[in-house]
Amino acid sequence: MRTAQTAQAADASHPPRPRTAHPVLWAALAALAGGAVLCVLGWYGVSGERFAERQLPYLASCTVPGAALIVAGAVLLTHGRSALAAARVEELYGLLVTAEPAASPERYRAPVASSDELRTVPGGTLWHRADCPLAADRPEAAPADAAILARGALAPCPICEPPRPEAPFEPPTTGPPTASEPAPER
């Protein structure tokens, strides 16, 4: 399963490597198994002897070397797993670095909404296109007021990215000039 996923993730220029067990892990497992066998043989030999002086050869030839092999196997197992983990990290880094060239995001990006009609949701802070997923199924969504949108009271939706409406023409107010404004010349 993992090999199939690795094969799919790798690009055509780098064929996938078959996952193999690290040799240090095999050595660790062999040392652990050999140490366990020697300890069992030593225990069996010691248990059959009544006197301590006849038990010492079994301890010296089986139990002590068996215990040493178990310790060595544990150390190798720890080292082998860290080496295997480091190799996997390097492999993942290689896959990330040698990924196919980044294509422009616009090429794959499909528009979420394409309607030109603008809507607002009462109490909301955004304006949307009519077919935006955030406003399409809401019956309370109302057509947007261009004057409110032009004032900047609402922000455009980041999902449907509606166009900014043009401000309606508002004639300037004509009143008497203030002291800071000069009177128009006739």
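Reader: Why does His128 count as buried?

Author: His128 has 6% relative accessibility. Buried means under 20% relative accessible area, exposed means over 50%, and partly exposed is anything in between, using a 1.4 Å probe and protein chains only. Because 6% is under 20%, His128 gets the label buried. One caution before we go on: this is a predicted model, where local features need pLDDT of at least 70 and side-chain atom pairs count only at pLDDT 80 or more, while totals for chains, interfaces and linings use all residues. Residues are numbered from 1 along each chain as its sequence is written, and side-chain values use heavy atoms, with hydrogens and water left out.

Reader: Fair enough. What does His128 touch?

Author: His128 sits in strand 2. Leaving aside residues up to four places away in sequence, its contacts include Glu117, Leu118, Arg119, Cys157 and Cys160. Contact here means heavy atoms within 4.5 Å.

Reader: Leu118 is on that list, so what makes Leu118 buried?

Author: Same test: Leu118 comes out at 14% relative accessibility, so it counts as buried. Leu118 belongs to strand 1, and beyond residues up to four places away it touches, among others, Trp127, His128, Ala142 and Pro143. Asp145 is 27 residues from Leu118 along the chain, with 8.6 Å between their C-alpha atoms.

Reader: How do you know that strand 1 and strand 2 pair?

Author: Two strands pair if DSSP finds at least two bridges between them. Strand 1 (residues 118–120) and strand 2 (residues 126–129) have three bridges, in the antiparallel sense, so they pass that test. For one of the partners, look at Thr120, which bridges to Trp127 in strand 2.

Reader: What counts as a strand or a helix in the first place?

Author: Both are DSSP runs numbered from the N terminus: helices are H or I with at least four residues, strands are E with at least two. On that basis the chain has five helices and four strands, in the pattern α-α-α-α-β-β-β-α-β along the sequence.

Reader: Which order do the four strands take in the sheet, and why are strand 3 and strand 4 at the edges?

Author: The sheet is open, runs in the order 3-1-2-4, and has mixed pairing. Strand 3 (142–143) and strand 4 (155–156) each have a single partner strand, so one side of each lacks a neighbour in the sheet.

Reader: Over to the helices. Why is helix 2 called roughly antiparallel to helix 3?

Author: The axes of helix 2 (residues 23–47) and helix 3 (residues 52–97) come within 7 Å and cross at roughly 160 degrees. Angles under 35 degrees are roughly parallel, over 145 roughly antiparallel, 65 to 115 roughly perpendicular, and the rest oblique. Roughly 160 is over 145, so helix 2 is roughly antiparallel to helix 3.

Reader: What makes Ala67 partly exposed?

Author: Ala67, in helix 3, has a relative accessible area of 36%. That falls between the two cut-offs, so partly exposed is the right label. Ala67 and Cys39 are 28 residues apart in sequence, yet 6.7 Å apart in space, C-alpha to C-alpha.

Reader: And what about Glu161: what is its phi?

Author: Glu161 has a positive phi of about 45 degrees although it is not a glycine. Most residues other than glycine have a negative phi. Glu161 lies in the segment after strand 4 and, at 42% relative accessibility, counts as partly exposed.

Conventions. Axes are lines fitted to C-alpha atoms, for helices over the stretch in contact, and angles run from 0 to 180 degrees between N-to-C directions.
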